[in-house]
Amino acid sequence: MDWNVLQVVLWLIAGLVSFSFSLGNVRVWTSIAVGFFLVLLGEVIPQAVPYLPGSSIPQVQVMGHIVGTIAILAMTHGFQEYYVFSRTLEMEGRRLSVYLLTAAVIGVSFLFILVNPTPTPETERLVQVVGNTNWVFLSLINLDMLRKIYLNVKGSPIARGFLAFMAVFFFIFLWKGSALYLQVYGLEQLAGQFPFRYQFSLMVGHFGNILCSLSVSATFLYLGRLLR
């Protein structure tokens with residue numbers, strides 16, 4: 001099975017569903033949906049389709065990892081906003097401001113890469129480790145945040161949607177946690193010495209990735225039907 005192709009197809013669907021959801025619903029959902037859309041741009045396509053034009057350029061590779069980190073930061077900010085909304089029923093800002101701010105952060109990050117020396121393989125590895133660390137620990141924070149949101153909206157029709165998001169972040173934890181484990185212990189270089197650990201970690205990462213993309217699509221489609 002070609003895991004890379006399957007992951008791209010499933011995240012393409014999840015990314016389009018997420019972005020469509022962000023356009024058709026109230027402002028408080030925007031950062032959450034945009035964050036999941038950025039997973040497609042920053043995490044999946046650059047890594048899963050290495051033959052894309054320009055994908056071998058070091059700056060492009062590093063930028064992909066940075067966009068992935070921006071994705072989890074956007075999601076976390078969005079769930080924090082929703083938690084406040086679930087307590088106060090107050091919304092601040094406009095949907096357009098989320099798009100513009102996200103684009104500005106990505107633009108500034110790209111400019112930072114351009115004005116600095118060409119990233120080396122070690123630089124890219126460090127950026128990946130930092131990114132995966134953010135994904136792992138912010139996933140745990142979001143799980144707790146979603147639990148609190150669920151308790152606040154428990155009586156509403158959309159409450160189950162937040163339980164579904166908890167499943168999403170559990171799968172993210174498996175996906176990114178396995179990648180971080182491989183990087184920290186350098187198991188890609190030690191695969192011959194620890195074949196079971198290496199293969200098992202890869203398998204957990206693949207299944208976490210796929211289950212995450214499927215659950216993202218299902219959750220936004222479910223919420224979209226309820227919020228019409």
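**Exercise 1. Work out how exposed the residues of the α5 salt-bridge network are, and who pairs with whom.**

Let's start with Arg147: its relative accessible area is 39%, so Arg147 is partly exposed (buried means under 20%, exposed over 50%, partly exposed in between, with a 1.4 Å probe and protein chains only). Keep in mind that this is a predicted model, where local features need pLDDT of at least 70, side-chain atom pairs count only at pLDDT 80 or more, and totals for chains, interfaces and linings use all residues. Residues are numbered from 1 along each chain as its sequence is written, and side-chain values use heavy atoms, with hydrogens and water left out.

Step 1. Asp144 comes out partly exposed too, at 32%, and Lys148 is partly exposed at 33%.

Step 2. Now the pairs. Arg147 and Asp144 form a salt bridge, 2.9 Å from N to O (a side-chain nitrogen of Lys or Arg within 4 Å of a carboxyl oxygen of Asp or Glu). Asp144 also bridges to Lys148, with the closest N and O atoms 3.4 Å apart.

Step 3. Where do they sit? Arg147 and Asp144 are both in helix α5, residues 121–152, 3 residues apart, about one turn of the helix (helices are DSSP runs of H or I, at least four residues, and strands are runs of E, at least two, numbered from the N terminus). Asp144 and Lys148 are 4 residues apart in α5, again about one turn.

**Exercise 2. Find the salt bridge that links distant parts of the chain.**

Step 1. The structure has 3 salt bridges. One of them joins Glu81 to Arg27, with the closest N and O atoms 3.0 Å apart.

Step 2. Glu81 belongs to helix α3, while Arg27 is in the loop between α1 (3–24) and α2 (30–48), 54 residues away.

Step 3. Buried or exposed? Glu81 and Arg27 are both buried.

**Exercise 3. Describe the second largest pocket and its lining.**

Step 1. Its volume is about 260 Å³. A pocket here is an open set of points on a 1 Å grid over the protein atoms alone, where a 1.4 Å probe fits, with protein on both sides within 12 Å along at least five of seven lines; lining residues have an atom within 4 Å of a point.

Step 2. Of the 13 lining residues, the closest to the centre are Ser31, Ala74, His77, Leu101 and Thr102. The elements giving two or more residues are α3 (58–88) and α4 (95–115).

Step 3. The largest share, 6 residues, comes from α4.

Notes:
Points joined across faces, edges and corners; volume = space filled by probe spheres on them.
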